[in-house]
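Me: I am new to reading protein structures and would like to learn how to go through one feature by feature. Could you show me how the general ideas apply to a particular case?

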Amino acid sequence: MAKKKQLRLIAEMARKIRAYRELKSQPRESQKYALDYKTMRRPHTGKILPVLAWQDVRKESRLFTLLAGMRMFGVGRLFTRKSWLEDHTEPSYWQITKIKVDYTSENMDHGRAWGILTYKGKQESEVKELDKVMYHDWRLVPKHIEQHFKDAEPLPEPPVRYVPYPPLVRAMLLAQHKKTHGCAATDEPTMPLKREVLLNKDYFRRQEEESQRTRGTPV
């Protein structure tokens, strides 16, 4: 019979204390994204904002600057971005469902937010965390325009274009087809000019989780 593993209480407590101290030593959102508006420099990292962003920093607002002055921190309201309004004719916006405020910030204008994204008229089904909340280009959608945003229909997707493969890849595909099927291909192989996968942070997170499951955990 295998010997039962003895729990080392002191070692386990020391591990929890180290993890807690490491978590407390990490900079908060208000420290990480604090900005000196005179020099346009972030004190925590010492980096200067790009010159093209200076005008938006002076005129536009960050997301939590808008949320801090609203009832229930804007849960249920719609927020869009200046860049979306300029680049797309279809409405793109976030509907806020959850807020986690950094109460250590001076005006409670830092934190994390979750919501449902509608991008170019297409609404996603699951709740996600909002990214780029520290950017100075967020705008509140007025109440009398919210229904117009929600009722907008997405534009139909353009047909997929196809182009011929490079000569070497074309020769490899034809040779593979002949080897597999025993006869030459009758149709010319073409490549669709459409990306099937959206290369966002969720995609790379899923790839990392899948690779970890494949490798397993070290013994």
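Reply: Let us begin with strand pairing in this predicted model, where strand E1 and strand E2 (residues 93-101) pair in the antiparallel sense over 2 bridges. Within that pairing, the bridge partner of Leu78 is Gln95 in E2. E1 is also joined by 3 bridges to strand E6 (residues 138-140), again in an antiparallel run, and there Arg81 stands opposite Trp138.

Me: Which residues of strand E1 lie on one side and which on the other, and are they buried or exposed?

Reply: The general idea is that in a regular strand the side chains alternate between the two faces of the sheet. In strand E1 (residues 78-81), Leu78 and Thr80 are on one side, Phe79 and Arg81 are on the other, and all of them are buried, so that both faces are covered.

Me: What can be said about Gln95, and which residues does Gln95 touch?

Reply: Gln95 is found in strand E2, and because its relative accessible area is 24%, it counts as partly exposed. Not counting residues up to four places away in sequence, Gln95 touches Gly76, Arg77, Leu78, Trp114, Gly115, Ile116 and Lys150. Gln95 and Val141 are 46 residues apart in sequence, while their C-alpha atoms are 10.0 Å apart in space.

Me: How many aromatic pairs does a search of the whole structure find?

Reply: The search finds 3 aromatic pairs. One of them is formed by Trp84 and Trp138, with 6.5 Å from centre to centre and 70° between the planes, and this pair is edge-to-face. The pair links distant parts of the chain, since Trp84 is in helix H5 (residues 82-87) and Trp138 is in strand E6, 54 residues apart. Both Trp84 and Trp138 are buried, and ring pairs link Trp84, Tyr119 and Trp138 into a cluster.

Me: Which charged ends sit over the rings of Trp138 and Trp114?

Reply: The charged end of Arg81 sits over the ring of Trp138, 5.6 Å from its centre. Over the ring of Trp114 sits the charged end of Lys98, at 4.7 Å from the centre of that ring.

Me: Which residues have the most contacts inside the largest nonpolar core?

Reply: The largest nonpolar core has 15 residues, and those with the most contacts inside it are Leu63, Phe79, Ile99 and Leu130. The elements that give two or more residues to this core are helix H4 (63-67), E2 and strand E3 (111-119), and E2 gives the most, with 4 residues. To look at one residue of the core more fully, leave aside the neighbours of Ile99 within four places in sequence: Ile99 is then in contact with Phe64, Leu67, Phe73, Val75, Arg112 and Ala113.

Me: How should I read the length of a helix, and what is the span of helix H1?

Reply: A helix can be checked by comparing its end-to-end distance with the span expected at 1.5 Å a residue. For helix H1 (residues 9-25), the 17 residues should span 24 Å, and because its end C-alpha atoms are 24 Å apart, the two values agree. H1 is hardly covered, as the count of buried residues among its 17 residues is 0. Helix H7 (residues 167-181) has 15 residues and reaches 21 Å from its first C-alpha to its last, close to the 21 Å expected.

Me: Where is Asp102, and is it buried or exposed?

Reply: Asp102 has its place in the loop between E2 and E3. Buried means a relative accessible area under 20%, and because the value for Asp102 is 6%, this residue is buried. Leaving aside neighbours within four places in sequence, Asp102 is in contact with Arg28, Glu29, Ser30, Met108, His110 and Gly111.

Me: What is the phi of Met72, and what is the phi of Lys120?

Reply: Most residues other than glycine have a negative phi. Met72, although it is not a glycine, has a positive phi of about 55°; Met72 lies in the loop between H4 and E1 and is exposed, with a relative accessible area of 54%. The phi of Lys120 is likewise positive, near 55°, and Lys120 is found in the loop between E3 and strand E4 (122-123), where it counts as partly exposed at 32% relative accessibility.

Methods:
Residues are numbered from 1 along each chain as its sequence is written. This is a predicted model: local features need pLDDT of at least 70, side-chain atom pairs count only at pLDDT 80 or more; totals for chains, interfaces and linings use all residues. Side-chain values use heavy atoms; hydrogens and water are left out. The expected span of a helix is 1.5 Å times one less than its number of residues. Buried means under 20% relative accessible area, exposed over 50%, partly exposed in between (1.4 Å probe, protein chains only). Two strands pair if DSSP finds at least two bridges between them. Rings of Phe, Tyr and Trp (its six-membered ring) pair if their centres lie within 6.5 Å; planes under 30 degrees apart count as stacked, over 60 as edge-to-face and the rest as tilted. A charge sits over a ring if NZ of Lys or CZ of Arg is within 6 Å of the ring centre and within 35 degrees of the ring normal. A nonpolar core is a set of buried Ala, Val, Leu, Ile, Met, Phe, Trp, Tyr and Cys residues joined through side-chain atoms within 4.5 Å. Contact means heavy atoms within 4.5 Å.
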